[in-house]
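Colleague: Please give me a close look at the empty space in this model, and at what surrounds it. I would like one connected account that I can follow on screen.

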Amino acid sequence: MEARRLKSLAFVILGWGTALAIFFPIFWMGLTAFKTEQQAYAPGLLFPPTLDSFREVFARSNYLAFALNSIYLSVGSTLICFALAIPAAYRMAFFPTKRTQSTLVWMLSTKMMPSVGVLLPVYLLSRDLGMLDNIWGLIAISALMNLPIAVWMTYTYFCEIPAPILEAARVDGAGILTEIRHVLAPMALPGIASTALLLIILSWNEAFWSINLTSAKAAPLTVFIAAYSSPEGLFWAKLSAASLLAVAPIMAMGWLAQKQLVSGLTFGAVK
Amino acid sequence: MIVPLGMTIYFSFIRYILVNPDAKGFVGLDNYRFLWKDPSFVPAVLNTVVLIGSVLAITLVLGTLMAVLYGRGFPGRNVALLLVIAPFFVMPTVSALVWKNMIMHPVYGLLARGFALIGQPPVDWFGAHPMMSIIIILSWEWFPFAFLVLYTSLKSLDQEQTEAAVIDGANSVQLFLRIIIPHLKRAMGVVIMIETIFLLSIFAEIHITTSGGPGTATTNIAYLVYSLGLQQFDVGIGSAGGILAVVVANVAALFLLRITAKSLRGDG
């Protein structure tokens with residue numbers, strides 16, 4: 001009995017110890033955000049918390065503009081994804097043809113290409129279309145990158161809805177819009193919501209395209225934070241404050257979407 | 001994304017220098033030849049391999065051990081789980097800068113302070129071990145993904161099978177090697193493939209910590225394509241590098257497609 005209790009105590013310590021160790025950099029960043037710049041360079045745990053760094057970040061830079069760009073980017077690209085993915089998935093889930101499966105696999109296969117393979121053409125196309133440092137250009141790229149995931153996940157959720165229910169609605173005289181609004185939407189909503197969370201997280205944190213395609217006007221938070229890589233003077237507290245604001249909302253979403261994360265990121269290969 | 005890919009392939013066969021619009025024309029495989037002769041090419045390929053290999057090894061080993069630990073369960077596991085997966089949601093630029101400055105800084109960083117406490121000289125992480133530093137940061141970012149996939153897969157392990165094995169006298173090591181590892185094989189394959197595809201394009205972390213240096217110490221294929229194409233303005237040679245990355249990714253992807261196609265057909 002004694003050995004057993006000792007063993008489960010060891011598991012608690014091991015489990016929580018690793019969790020805290022892994023989380024520590026984030027914790028430290030959150031802590032530093034409330035320090036003054038001088039305190040930030042000392043390893044102290046106890047200090048009078050201050051909001052100075054946050055004030056400084058807002059005063060020195062147009063933080064809100066960058067945050068707005070991030071919001072436009074993530075929400076905009078997610079909306080575009082759904083506008084394209086829902087009709088496509090609807091068609092494929094309820095009126096499948098011989099080619100549906102290969103179309104789906106083909107769509108997924110585009111996701112297997114590393115972004116760097118298309119960096120130069122996308123950059124040059126954006127330049128020629130006047131889309132460099134333009135939030136719409138970035139939204140379009142982000143939507144294209146995430147579209148396969150959106151179609152795939154929406155399709156999976158639609159497939160879980162029994163077709164006879166939809167047929168019954170149609171027999172009762174429901175048009176396609178009524179069918180979608182009153183039958184399909186309520187049933188698919190939880191799935192679509194979690195897909196949306198995943199897409200927002202992915203586009204919010206995307207740094208490859210935002211660093212390469214934007215500089216100032218359309219730059220989202222990823223690029224704003226990157227500017228701290230060429231620092232002037234003491235900057236750790238400000239870096240932490242800006243980072244905390246940029247990371248916190250998306251981490252909350254990530255925690256909410258945790259259950260769907262795996263099937264979304266592995267295209268259903270692991271559930 | 002197929003159109004730009006086609007353009008990359010096309011660019012990789014022509015002479016296309018942004019600052020010299022007169023130089024044009026079909027050059028066949030010349031771009032690939034130049035790329036091969038570029039002094040940073042071989043290091044970039046080696047760095048890419050070292051980077052992906054190390055991150056994969058670290059995240060898979062730690063991820064498997066953690067998945068088993070969390071699969072067994074302990075009080076407060078679900079809360080601890082949230083802490084473990086948190087790094088995955090931190091944007092790459094933030095993780096790179098927080099690690100580079102607040103943790104790995106050779107004087108004020110936490111690691112330097114910790115080393116001082118035990119009487120060791122501090123390590124100049126990015127100066128002396130640039131590649132290792134980047135591998136550490138990337139492993140921290142990608143470990144939660146590997147863990148979460150393996151943990152999810154582990155939950156679908158048939159309990160009766162484990163119990164039967166225990167009744168037959170299997171000890172924990174045998175249980176781990178004969179039942180858990182075979183069960184996780186598929187999930188591990190998925191982790192390897194998805195991480196490979198993402199790690200091939202790793203750019204932000206390198207760009208803002210080392211800019212590929214010192215020298216070519218941390219230049220990977222993605223960074224080489226960026227610097228050839230957008231810093232030296234040679235689209236042709238840069239595109240050849242891009243195609244190289246795509247080919248590597250496709251090899252990894254073939255396997256994943258086979259798995260997903262299988263789960264589409266029914267058993268998923």
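Modeller: Happy to. The largest pocket has a volume of about 800 Å³. A pocket here is an open set of points on a 1 Å grid over the protein atoms alone, with protein on both sides within 12 Å along at least five of seven lines; a cavity is a set where a 1.4 Å probe fits but cannot get out, and lining residues have an atom within 4 Å of a point. Points are joined across faces, edges and corners, and the volume is the space filled by probe spheres set on them.

All this rests on a predicted model, in which local features need pLDDT of at least 70 and side-chain atom pairs count only at pLDDT 80 or more, while totals for chains, interfaces and linings use all residues. Residues are numbered from 1 along each chain as written, chains are lettered from A and ligands numbered from 1 in written order, and side-chain values use heavy atoms, without hydrogens or water.

Back to the largest pocket: 23 residues line it, and those nearest its centre are B:Val68, B:Gly71, B:Arg72, B:Leu175 and B:Ile180. Both chains take part, with at least two lining residues each from α1 (2-32) of chain A and from α3 (41-72), α8 (130-155), α9 (159-167) and α10 (172-200) of chain B. These helices are DSSP runs of H or I, at least four residues long, numbered from the N terminus. The largest share of that lining comes from α3(B), with 6 residues. By class, 13 of the lining residues are nonpolar, 5 polar and 5 charged; Ala, Val, Leu, Ile, Met, Phe, Trp, Tyr, Cys and Pro count as nonpolar, Asp, Glu, Lys and Arg as charged, and the others, Gly among them, as polar.

The second largest pocket has a volume of about 320 Å³. It is lined by 13 residues, with A:Ile22, B:Ile58, B:Leu62, B:Trp140 and B:Phe143 closest to its centre. Two or more lining residues come from each of α1 of chain A and α3 and α8 of chain B. Its lining holds 11 nonpolar and 2 polar residues, and no charged ones.

Now to the enclosed space. Searching the whole structure turns up 5 cavities of 30 Å³ or more. The largest cavity has a volume of about 770 Å³. Of its 33 lining residues, A:Leu202, A:Glu206, A:Ala207, B:Trp142 and B:Phe198 are closest to the centre. Chain A gives at least two lining residues from each of α7, α9 (176-205) and α10 (208-213), and chain B does so from α8, α10 and α11. The most comes from α7(A), with 4 residues. This lining splits into 24 nonpolar, 5 polar and 4 charged residues.

Some local details can be followed from these helices. A:Asp133 sits in the loop between α6 (119-128) and α7 (135-159) of chain A. Although A:Asp133 is not a glycine, its phi is positive, at about 55°. A:Asp133 is also buried, at a relative accessible area of 14%, where buried means under 20%, exposed over 50% and partly exposed in between (1.4 Å probe, protein chains only).

In chain B, the loop between α11 (204-209) and α12 holds B:Thr210. B:Thr210 is buried as well, with a relative accessible area of 14%. Its C-alpha atom lies 27 Å from that of B:Gly63, a residue 147 positions away along the chain. Beyond that loop, helix α12 (residues 221-231) of chain B is mostly covered, with 10 of its 11 residues buried. Among them are B:Ile221, B:Tyr223, B:Leu224, B:Tyr226 and B:Leu230. Just after α12(B), B:Phe233 has a positive phi of about 60°.

Elsewhere in chain A, helix α3 (residues 52-60) contains A:Ser53. A:Ser53 is buried, with a relative accessible area of 4%, and its side chain reaches the backbone oxygen of A:Lys35 at 3.1 Å.

As for how far to trust chain A, its mean pLDDT (the predictor's confidence in each residue, from 0 to 100) is 83, and 98% of its residues score at least 70. Within chain A, helix α5 (residues 100-110) has the lowest confidence, at a mean of 77, and helix α4 (residues 63-94) the highest, at 89.

How values were computed. Polar contact = N/O pair within 3.5 Å; in protein donor to acceptor, adjacent residues only side chain to side chain.
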